[in-house]
Amino acid sequence: MADPGLITWKVCDDSYYHGHIEKVAIVNNPVVPQNTTVIALGSLDKNITSGSWGFTASFAGIPVLHKEGDLCSDSVVELPLRSGAMYISGLNCPVNVGTVQVEQKAIFYQSPPPGKYSIRCKMVDQDNEPILCLDITIPMYIFCCKNIF
């Protein structure tokens, strides 16, 4: 079994964004068979009254999950193959210009197929202007059986 790698992220290179990330903390990085929490601290240069988010997750370059939701509401996204769920905390809209913190959690019930997953997540505001876009890489490996022999 390969050792798991770290979750990595970067801001997409394709636009100007009203959101700016200053710090990200990932609890349980690399992913382990329990909760993984991502807490991001940043700022907004525009007031947000509403908006939406969307993401596409791919495995080996093949899209395996696409979801969209309300930026100002909490959401639960079930992962493929009943492997777990993501809990997405909505913003407490309206959000004024300044500091903002968001928290997302993933809970894994079982190991998904091992390999590298990529996620592109985009958020837009009430005017359909981009708030943020992230490219995330998540190496996933089999959680069981380490040091069994």
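**Exercise 1. Disulfides**

At 1% relative accessibility, Cys133 is buried. The model is a predicted one. Find the partner of Cys133, describe the link, and say which parts of the chain the pair ties together.

*Solution.*

Step 1. Find the partner. Cys133 forms a disulfide with Cys12, and the sulfur atoms are 2.0 Å apart.

Step 2. Read the handedness. The angle about the S-S bond is -65 degrees, and the link of Cys12 and Cys133 is left-handed.

Step 3. Place both ends. Cys12 sits in the loop between β1 (8-11) and β2 (19-27), and Cys133 sits in strand β10, so the pair ties together parts 121 residues apart in sequence.

Step 4. Check burial of the partner. Cys12 has a relative accessible area of 3%, so Cys12 is buried.

**Exercise 2. The remaining cysteines**

Determine how many disulfides the structure holds. Then treat the cysteines Cys72, Cys93 and Cys121 in turn.

*Solution.*

Step 1. Count. The structure holds 2 disulfides.

Step 2. Identify the link beyond that of Cys12 and Cys133. Cys72 and Cys93 form a disulfide, with sulfur atoms 1.9 Å apart. The torsion about their S-S bond is about -70 degrees, so this disulfide is left-handed.

Step 3. Place the ends. Cys72 is in the loop between β5 (62-70) and β6, and Cys93 is in the loop between β7 and β8, so the pair ties together parts 21 residues apart in sequence.

Step 4. Classify exposure. Cys72 has 23% relative accessibility and counts as partly exposed. Cys93, at 21%, also counts as partly exposed. The cut-off for buried is under 20%.

Step 5. Write the pattern. With the bonded cysteines numbered in sequence order, the pairing is 1-4, 2-3.

Step 6. Why is Cys121 without a bond? The closest cysteine sulfur is that of Cys133, at 7.7 Å from the sulfur of Cys121, which is too far for a bond. Cys121 counts as buried, at 16% relative accessibility.

**Exercise 3. The nonpolar core**

State which residues of the largest nonpolar core touch the most other members, and which strand gives the most to this core.

*Solution.*

Step 1. Name the residues. The largest nonpolar core has 28 residues, of which Phe55, Val77, Met86, Met123, Ile131 and Ile138 touch the most other members.

Step 2. Map the core onto strands. At least two core residues come from each of β4 (51-59), β7 (84-88), β8 (98-108), β9 (115-125) and β10 (130-140). Strand β10 gives the most, with 6 residues.

Step 3. Look around Val77. Beyond four places in sequence, Val77 touches Trp53, Phe55, Leu65, Lys67, Gly84, Ala85, Met86 and Ile88.

Step 4. Compare with Ser75. Ser75 lies in strand β6 (residues 75-78). At a relative accessible area of 16%, Ser75 is buried. Beyond four places in sequence, Ser75 touches Trp53, Met86, Tyr87 and Ile88.

Step 5. Set this in context. Nonpolar side chains tend to be buried together in soluble globular proteins.

**Exercise 4. Aromatic pairs**

How many aromatic pairs does the structure hold? Classify each by geometry.

*Solution.*

Step 1. Count. The structure holds 2 aromatic pairs.

Step 2. Take Trp53 and Phe55. Their ring centres are 5.9 Å apart and their planes lie at 10 degrees, so the pair is stacked. Trp53 counts as buried, at 7% relative accessibility. Phe55 is buried too, with a relative accessible area of 4%.

Step 3. Take Phe59 and Tyr117. Their ring centres are 4.7 Å apart and their planes lie at 35 degrees, so the pair is tilted. Phe59 is in strand β4 and Tyr117 in strand β9, so the pair ties together parts 58 residues apart in sequence.

Step 4. Classify exposure. Phe59 counts as partly exposed, at 25% relative accessibility. Tyr117 counts as buried, at 15%.

**Exercise 5. Gly90**

Locate Gly90 and list its contacts beyond four places in sequence.

*Solution.*

Step 1. Place the residue. Gly90 is in the loop between β7 and β8.

Step 2. List the contacts. Beyond four places in sequence, Gly90 is in contact with Leu71, Cys72, Ser73 and Asp74.

Step 3. Relate Gly90 to Ser52. The two are 38 residues apart in sequence and 9.7 Å apart in space, C-alpha to C-alpha.

**Exercise 6. Confidence**

Give the mean pLDDT of the protein, then find where the pLDDT is below 50.

*Solution.*

Step 1. Take the whole protein. The mean pLDDT is 86, and 90% of the residues reach 70 or more.

Step 2. Find the stretch. The pLDDT is below 50 over residues 145-149. This stretch has 2 contacts in the model beyond near neighbours in sequence.

Conventions. Residues numbered from 1 in each chain as written. Predicted model: local features only at pLDDT ≥ 70, side-chain atom pairs only at ≥ 80, totals over all residues. Heavy atoms only, no water. Buried < 20%, exposed > 50% of the residue type's maximum accessible area, 1.4 Å probe, protein only. Contact = heavy atoms within 4.5 Å. Core = buried A, V, L, I, M, F, W, Y, C linked by side-chain atoms within 4.5 Å. Disulfide = S-S within 2.5 Å. pLDDT = per-residue confidence, 0-100. Phe/Tyr/Trp six-rings, centres within 6.5 Å; stacked < 30°, edge-to-face > 60°.
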